[in-house]
Amino acid sequence: MIITEKQRYTIGILVQNVPGVLARIVGLFSGRGYNIETITAAETNEPGLTRITLVTTGDERVLSQIIKQLNKLINIIKVYDFAETEFVDREMALIKVRAEQATRAEVLRIVDIFRAKVVDVSAHFYTLEVTGNEGKINAILELLGQIGIVEVARTGKAALARSKKH
Amino acid sequence: MKMKGSQIFFECLKKEGVEVIFGFPGGAVLDIYHEMPKHDIRHILVRHEQGAAHMADGYARSSGRVGVCLVTSGPGATNTVTGIATAYMDSVPIVVFTGQVPTPLIGDDAFQEVDIIGITRPCTKHSYLVRNINDLQTVIREAFYLARTGRPGPVVVDLPKDVIQAQTEFKYPKKVDLPGYHPTIEAHSGQVKRAQDILKKSKSPVIFAGGGIIISDSTSELMQIAKLIQAPVTCSLMGLGGFPAGITDAGGLRRPNPLWLGMVGMHGTYQANMAISHADVIFAAGVRFDDRVTGKISEFAPSARIIHIDVDPSSISKNVDVDVPIVGDCKNALQQLIRLFEAEPVENQAAIRRPWLEQIDKWRKDHPLTYSKDCNVIKPQYVIEKIREIAGSDAIITTEVGQHQMWTAQFYEFDRPRTLLTSGGLGTMGYGFPAAIGAQMAFPDKLVIDIAGDGSIQMNIQELCTAVCNDIPVKVVILNNKYLGLPRQWQELFYEKNYTGSCLEGSPDFVKLAQAYGAVGLRAEKPEEVESVLREAFKIKKPVLMDFVVSREEGVYPIVPPGKSITEMLLA
Ligand SMILES: Cc1ncc(C[n+]2csc(CCOP(=O)(O)OP(=O)(O)O)c2C)c(N)n1
Ligand SMILES: [Mg+2]
């Protein structure tokens, strides 16, 4: 068996929105020892259909098993292997930072550069909303970290294949 | 006209052609039991729900039809879990109906409430909690469809009591609508062509067949292809019977099949393990390269290109890298391949293969399957040979799990599909006896024999009552070594003969036990009694439990030590 390097993979999953479908997916991952880094799920424009975006790590063999095993679940309509197709992805993060007199201007400058938004303000803190790909979120977190992050809530990635509808 | 859920339940089963339910009642399913006498469906009342699940499984494996069981909520449901997992591992189509507390109580830790859907999620092909009476018929239709199509498997249907009591219009759906379920049956012709190109040039091919051959009823296709390309055939435990070990001519004379290698793997034959390990092509059909077959995976079939047909894409390239994957039904793929070979002259095939077949013959003669004969004590292998001789190739054999199971696989010589029912994937002790009852329900006139160990038989012995009460004349052969023999053998070979926990002295007197249940009990203690006990038992039209007192410390050989390559067999 050829073992390739471990990598991060993004997988799109279109499912019937029936009770237990998420449990089946998550159970498959835990039962077979696959890894979930992030998972997002919400309804689509089509009634009864939910789109899930999942980020996992593993080698190519693991990824291929994950896709095959997901395809076996009866309530899954389609699995998109984004290693094979071009896709766009976005993630949103809410970041609460310390915003004291001395650092406020710096925080606002970073907000500006990253096209983030200040969504809540209190005496000592700003809460920021930032959207982008994973790299961008990581970069802003890195910069704000030097000023003082209090809490972070990230949504995890949502992804769609580019161009035509699949 | 409106019907109650309980009535709809039976109407659906009738539409599915169900003739027997293996079940055990309880509060949550009493509405169904109340309705039952009005319908022409046989109910076999078991003595433990695990038995019901294995019976449904034995019924399904022997007949190819979907087996059905019905149990109550809570403990009734959890008792079926081993049976469900057993069926899942071996791809057996069963539908398990479990009672559930009324929908308003779900989630409240109500009396006998258990989340059976959650518990069985990893060991079912699919499962349903029916929340609304209007879904009941659709769910049952889908459950049977899913159980038997594609790669078959168990489906659980959880039935809350209020749903079963509610009413709706009965109209059995003609079609199923499962947008996420499209098993690939038709194999890709380009891939089949690639397989043919590789096979026809191969000097030393081996066909490796598994349970998929039996499930897809492809025995005759397998025989045809083996003959066309003159390739030897080996099987996994699950494949035994899928390729005949012997061929009987018109005059009734049975000869060994020259292309048959025997089983491969941990307890495989010398020639099968050597052939796999020296082959230049492995043509695998309906197998999943289980670790009990491959041994040390990095040394499995080191010089072979691998062609692999399976209906389940996730079985392909899971454990071994495959050169030519063919997703599809074995029958379809083999038929395509046969057509390709028939379209081309293949006379030279036999000539190409001659040196290879000669080499295999040499291996066969070097280390044949054998055991040391003894005229003072009964050898378990001898009992199996005698059963084979007397019962013939038409009898249905089930096994428990242990040494007796491996000796059966090695020495019985199965000639027909669906004549060996054994728990291969999960290795469930306690499977064989209820499975035999299930098989006997499918084939009332056949001889059905459970080859058991003294340990395993005690795991579902209570079903003797089920067999007696329902006149199900199954035969049980206990190879009584007063040990959990397989663990004992491992302890002997790999754990410094430390026999902690594997000695079984103190088991009941099985003859008296049989009598207490109202069955017939027979015993053989000397080799010369074996044949007469078997002949007598096979004549009796009642359940018979036979206790064969066998040599205690017999080993299963060859054995490949765990983690070793399959060429590293201990031969005795
Ligand atoms: C339910 C279950 N528990 C434990 C095991 C582990 N196990 C495998 S074989 C075996 C011993 C079986 O003993 P017996 O039925 O007497 O058969 P023998 O090996 O002696 O022929 C055990 C304990 C198992 N396979 N199944
Ligand atoms: Mg024993």
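**Notebook: aromatic rings and a magnesium site**

I began with B:Tyr181 and found this residue buried, because its relative accessible area is 11% and the cut-off for buried is under 20%. I keep in mind throughout that this is a predicted model.

I then searched the whole structure for ring pairs, and the search gave 17 aromatic pairs over all chains. One of them joins B:Tyr181 to B:Tyr145 in an edge-to-face arrangement, with 6.0 Å from centre to centre and 80° between the planes. Where do the two partners, B:Tyr145 and B:Tyr181, lie in chain B? I placed B:Tyr145 in helix H7 (residues 136-148) and B:Tyr181 in the loop between strand S8 (167-169) and helix H9 (189-201), so the contact ties together parts that are 36 residues apart in sequence. I also looked up the accessibility of B:Tyr145, which at 26% counts as partly exposed.

My next entry concerns B:Phe243 and B:Trp260, an aromatic pair that is tilted, with 6.1 Å between the ring centres and 35° between the planes. This pair links distant parts of the chain, since B:Phe243 is in the loop between strand S10 (233-235) and strand S11 (246-248), while B:Trp260 is in strand S13 (residues 260-263), 17 residues apart. Are these two rings buried or exposed? I noted B:Phe243 as buried at 2% relative accessibility, and B:Trp260 as buried at 14%.

I also recorded a cluster in chain B, in which ring pairs link B:Phe9, B:Phe10, B:Phe97 and B:Phe144.

Turning to charges placed over rings, I found the charged end of B:Lys446 over the ring of B:Phe443, at 4.9 Å from the ring centre. I found another case at B:Arg488, whose charged end sits over the ring of B:Tyr483, 5.4 Å from its centre.

B:Tyr483 led me on to the magnesium ion (ligand 2), for which this residue is one of the protein donors. Which atoms does the protein offer to the magnesium ion (ligand 2)? I listed B:Asp454 through OD, B:Asn481 through OD1 and B:Tyr483 through O, and these donors lie 2.0 to 2.1 Å from the ion. Along the sequence I read the spacing of the donor residues as D-x26-N-x1-Y. For two of these donors I looked up the accessibility as well: B:Asn481 is buried, with a relative accessible area of 5%, and B:Tyr483 counts as buried at 9%.

Methods: Residues are numbered from 1 along each chain as its sequence is written. Chains are lettered from A and ligands numbered from 1 in the order in which they are written. This is a predicted model: local features need pLDDT of at least 70, side-chain atom pairs count only at pLDDT 80 or more; totals for chains, interfaces and linings use all residues. Side-chain values use heavy atoms; hydrogens and water are left out. Rings of Phe, Tyr and Trp (its six-membered ring) pair if their centres lie within 6.5 Å; planes under 30 degrees apart count as stacked, over 60 as edge-to-face and the rest as tilted. Helices (H or I, at least four residues) and strands (E, at least two) are DSSP runs, numbered from the N terminus. Buried means under 20% relative accessible area, exposed over 50%, partly exposed in between (1.4 Å probe, protein chains only). A charge sits over a ring if NZ of Lys or CZ of Arg is within 6 Å of the ring centre and within 35 degrees of the ring normal. Donors are N, O and S atoms within 2.8 Å of the metal (3.2 Å for Na, K and Ca); water is not among the atoms, so sites may look incomplete.
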